[in-house]
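Got the viewer open? Let's take a quick walk through this one, a selection at a time.

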Amino acid sequence: MKKTVRLSLFAMLLAFALAAVTERSARMNASAQGNNQVTITNFKFEPKTITVNEGDTVVWNNKEGLHTVKSDTDVFVSKNLKAGETFSYQFTKAGKYPYHCGFHGGKGGADMAGTIVVKKK
Ligand SMILES: [Cu+2]
């Protein structure tokens, strides 16, 4: 009887611990991915415009082809990204950051281009 009580107490504690860990990692995933992801395909950035908060890091994920992520105002520039490669940049100042692919786009939203809007916290 005593042993059973101790065992079920242990099982309960384990269940609580597992639930806490699971919830925490789910929350961490949500904040890591959130709306701060841009998918690169042939030949567009998706979504074309995203809004993030000051301090957020945006991750561009290249799914196909060879592309770059180049700020119109030279705030950031990636290397040539092959399929499966990513580029990330942390935005520390509010503002509008237009960018384009060096191969398939141009400044001012031409062709393969996008915009990151950074809101003040
Ligand atoms: Cu491109």
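**First stop: β1**

Select β1 and show its side chains: they alternate, with Val38 and Ile40 buried on one face, while Gln37, Thr39 and Thr41 point to the other face and are not buried. Keep in mind that you are looking at a predicted model.

**The strands on either side**

Now add β4, which runs parallel to β1 and is joined to it by four bridges. Click on Thr39 and look across to β4, where Asn61 stands opposite.

Next, bring in β2, residues 44–46, which pairs with β1 in the antiparallel sense over three bridges. Two residues sit between β1 and β2, and the two strands form a hairpin. To find a facing pair here, pick Ile40 and then Phe45 in β2, which stands opposite.

**Into the core**

Select Val38, Val58 and Trp60: these have the most contacts inside the largest nonpolar core, a set of 13 residues. Which elements give two or more residues to this core? Colour β1 (37–41), β4 (57–62), β7 (95–106) and β8 (110–119) to see them. The largest share, four residues, comes from β8.

Stay on Val58 and list its contacts, skipping neighbours within four places in sequence: you should get Asn36, Val38, Val52, Ser88, Tyr89, Phe91 and Ile116.

**Zooming out**

Show the protein chain as a cartoon and you will find one helix and eight strands. Start at the N terminus and the order reads α-β-β-β-β-β-β-β-β. Colour by burial, and 18% of the 121 residues come up as buried. Finally, try a contact map: among contacts between residues at least 6 apart in sequence, 49% join residues at least 24 apart.

How values were computed
Residues are numbered from 1 along each chain as its sequence is written. This is a predicted model: local features need pLDDT of at least 70, side-chain atom pairs count only at pLDDT 80 or more; totals for chains, interfaces and linings use all residues. A nonpolar core is a set of buried Ala, Val, Leu, Ile, Met, Phe, Trp, Tyr and Cys residues joined through C-beta atoms within 7 Å. A residue is buried if 20 or more other C-beta atoms lie within 10 Å of its own, exposed if 12 or fewer, and partly exposed in between; C-beta atoms are placed from the backbone. Two residues are in contact if their C-beta atoms, placed from the backbone, lie within 7 Å. Two strands pair if DSSP finds at least two bridges between them.
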